[in-house]
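Visitor: I've got a structure to look at and a few questions about how its parts fit together. Could you walk me through it?

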Amino acid sequence: MAETHPEPAAGLAVAVRRFNLWYGDFQALFDVDLDIEAGIVTALIGPSGCGKSTLLRSCNRIVERLGYVRTAGSIEVLGHDVQHPSASRIQVRRQVGMVFQRPNPLPISIRDNVLFSQQLHDRRRWSRSDQDAVVERSLREVLLWDRVKDRLHERAVGLSLEEQQKLCIARLLPTKPAVLLMDEPCSALDPAATAAVEELIWNLRGRYSILIVTHNMAQARRASDRCVFMLMGRVVEHADTEQMFVAPARQETADYIEGRFG
Amino acid sequence: MSGPPSPFAATAVERRQLSVQQLVRLLLACVTTLLLVPVLGILAVLVVEGGPGLTWSFLTEKPQRLGAAGGIWPALVGTVWLTATALLVALPLGVAAAIYLSEYARDNRLTRAINLAIVNLAGVPSIVHALFGVGAFVHFLRFGESILAAGCTLAVMTMPVVIVATRESLQAVPKAFRDACWSLGATRWQTIRHIVLPNSISGILTGVILVVSRAVGETAPIMFTGAVFLRLVPPESVFDRTMALSFHLYTVSTQVTDVPRHVPFSVALTLILVVLTMNSLSIWFRMRLRARKKW
Ligand SMILES: Nc1ncnc2c1ncn2[C@@H]1O[C@H](COP(=O)(O)OP(=O)(O)OP(=O)(O)O)[C@@H](O)[C@H]1O
Ligand SMILES: [Mg+2]
């Protein structure tokens, strides 16, 4: 375990160091230490309320929207502290993308959804063909291009849930994020759509480092390289997925995986 | 029907409850219909009494003999000026305040006090607003008696409803959109500008309707701040004083002698038509926007 690791270890997408978080007086995370390797899919599992979403939302600093949140410790993305005084929340969020439980495309066209984050910040005039290229590349990357290429100007909320969720992933890509955070991205989808999104996540693996929260053990097992088990605001175990499911090191992990847990 | 009684047959108690329910329903329907009577009555009287007098020349000519003859052109134009001024002042300020209250302000004692003040401001009688307008705009800000002073007074009076209507429609924009925007690196303002505001246009237009309806109809707030009894030419700038339909209606009904019977009715009908036209415009606009909006 990397206890008080001062230097960022090479090949780490996210390095969480002695991270504590309080919602007002309630402490949700306790001394979390975690090294998420780059380029792979890491699943985050644990019972409801154990702090998975909180940890995820700390990585892109979106927890700070709530005025009453306090933190201690640090989170580094690709070796850089996201809470560094000179780091801007906006840059952090552009480089650490987030996918939500319910697909939440913006109420604008499919094309504008994909271009949204880029256009917010790039004051440069983008030529139409540059924009088209970005839209096509992003939509191809999420395996959606062929299905929507003829209706890029239709409203995104008219898509099926599966397509919406894929679009929500696609719109993160133009700003070239290093890390994708996904908070139960499939829990609003039916089994077929879930399989499709899982396939997509597996496709993105390698180019992006993916941290995915799931309540679905089968999904964690199928679609991740490494697995983190959390319990009551602490990280209990972090191991290769195969190993965690076959031979968990800790009793709590075994209990949870086998469903003997709340 | 023959055969054994159905197991679903109503019991005596249920039958009585059913008849009570039908009675209540009838009663409520009657009351609702009764509410329509005064509205339709007013419209009918205005159309019957004032309709024939409402000619093109009545609308476009200037008044003669203090309004007893001739038309209402300067008053019609004046009302448009006053309403536009009120709208131009009340809408930006009200929308800005609503955005601040709903998107930026924390829920603390100050904002709760502000919200309470807004609600109470909406209940202040218009004559009090009029006196405030005289003090604040005519004298203190030295607007003099002018369209500007009167329009500002109307704006202050209607601002609370603009704020409340806008705030409600801002808060109706789903939180998921804001989450999405923020997580894409949008600032609070970018989120408001690109996503929240475009989706709360309907509330803002409701605000427009409320401002217009009140600004067109109010008499007290403009009486001391910029409206005049008679001015034969339409205003040319916001620093002019002006005639206004509502005030003109008051004068031709009570202050001028020898007014033909139909004149006040025709003025009132014009007043109502102006309100209806402006409101239908906003409603039409709002419906077109709604049809496009789907989430
Ligand atoms: N906005 C908030 N304000 C106060 N407490 C919160 C807030 N969000 C979460 N919590 C608390 O923090 C703890 C961790 O919540 P979190 O949402 O991170 O859990 P989770 O592991 O994602 O659960 P789930 O699997 O149900 O999504 C919970 O006890 C929760 O009640
Ligand atoms: Mg959660």
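**Where the chains meet**

Guide: Chain B and chain A bury about 1900 Å² between them, with 65% of that on carbon and sulfur atoms. Bear in mind that this is a predicted model.

Visitor: Which residues of chain B lose the most area to chain A?

Guide: On the chain B side, 21 residues are in contact with 23 residues of chain A. Three of chain B's residues together account for 33% of what that side buries. Those losing the most area are Trp182(B), Ser183(B) and Leu184(B).

Visitor: How many salt bridges are there between chain B and chain A?

Guide: Polar links do turn up here, with 2 residue pairs in polar contact between chain B and chain A. Over all chains, the structure holds 25 salt bridges. Between chain B and chain A, though, the count of salt bridges is 0.

Visitor: Which helix gives the largest share of the side of chain B that touches chain A?

Guide: Two helices of chain B, H7 (175-183) and H8 (188-196), each supply at least two residues of that side. The largest share is 7 residues, and it comes from H7(B).

**Inside chain B**

Visitor: Which residue does Glu103(B) meet in a salt bridge, and how far apart are N and O?

Guide: Glu103(B) sits in helix H3 (residues 73-104) of chain B and its partner in helix H7 of chain B, so the pair ties together parts that are 75 residues apart in sequence. Glu103(B) counts as buried, at 8% relative accessibility. The partner is buried too, with a relative accessible area of 10%. That partner is Arg178(B), and the N to O distance is 2.6 Å.

Visitor: Is Arg214(B), which meets Glu218(B) in a salt bridge, buried or partly exposed?

Guide: The side chains of Glu218(B) and Arg214(B) come together at 3.3 Å, N to O. Glu218(B) has a relative accessible area of 16%, so it falls under the 20% limit and is buried. Arg214(B) has a relative accessible area of 27%, so it lies between the 20% and 50% limits and is partly exposed.

Visitor: How far apart are the end C-alpha atoms of helix H5 (residues 126-140) of chain B?

Guide: Start from what you'd expect: at 1.5 Å a residue, its 15 residues should span 21 Å. H5(B) does have a kink of about 30 degrees, centred on Gly133(B). The end-to-end distance still agrees with the expected span, with the end C-alpha atoms 20 Å apart.

Visitor: What covers the buried residues of H5(B)?

Guide: The buried residues of H5(B) include His129(B), Gly133(B) and Phe137(B). So the residue at the centre of the kink, Gly133(B), is among the buried ones. What covers them includes helices H4 (109-121), H6 (147-171) and H10 (220-223) of chain B.

Visitor: Which residue with a positive phi follows H5(B)?

Guide: Past the helix, the backbone reaches a residue with phi near 55 degrees. That residue is Arg142(B).

**Over in chain A**

Visitor: Which residue forms a salt bridge with Glu252(A)?

Guide: The closest N and O atoms of this pair are 3.5 Å apart. Glu252(A) is partly exposed, with a relative accessible area of 26%. Its partner is also partly exposed, at 39% relative accessible area. The partner is Arg250(A).

Visitor: Which residues are linked in a network of salt bridges?

Guide: This network brings together Arg, Lys and Glu residues of chain A. Its members are Arg147(A), Arg151(A), Glu162(A), Glu163(A) and Lys166(A).

Key: Residues numbered from 1 in each chain as written. Chains lettered and ligands numbered in written order. Predicted model: local features only at pLDDT ≥ 70, side-chain atom pairs only at ≥ 80, totals over all residues. Heavy atoms only, no water. Helix = DSSP H or I, 4+ residues; strand = E, 2+ residues; numbered from the N terminus. Expected span 1.5 Å × (residues − 1). Bend = angle between axes of the 7 residues up to and from the residue. Buried < 20%, exposed > 50% of the residue type's maximum accessible area, 1.4 Å probe, protein only. Contact = heavy atoms within 4.5 Å. Buried area = accessible area lost by both parts, 1.4 Å probe. Salt bridge = Lys/Arg side-chain N within 4 Å of Asp/Glu carboxyl O. Polar contact = N/O pair within 3.5 Å; in protein donor to acceptor, adjacent residues only side chain to side chain.
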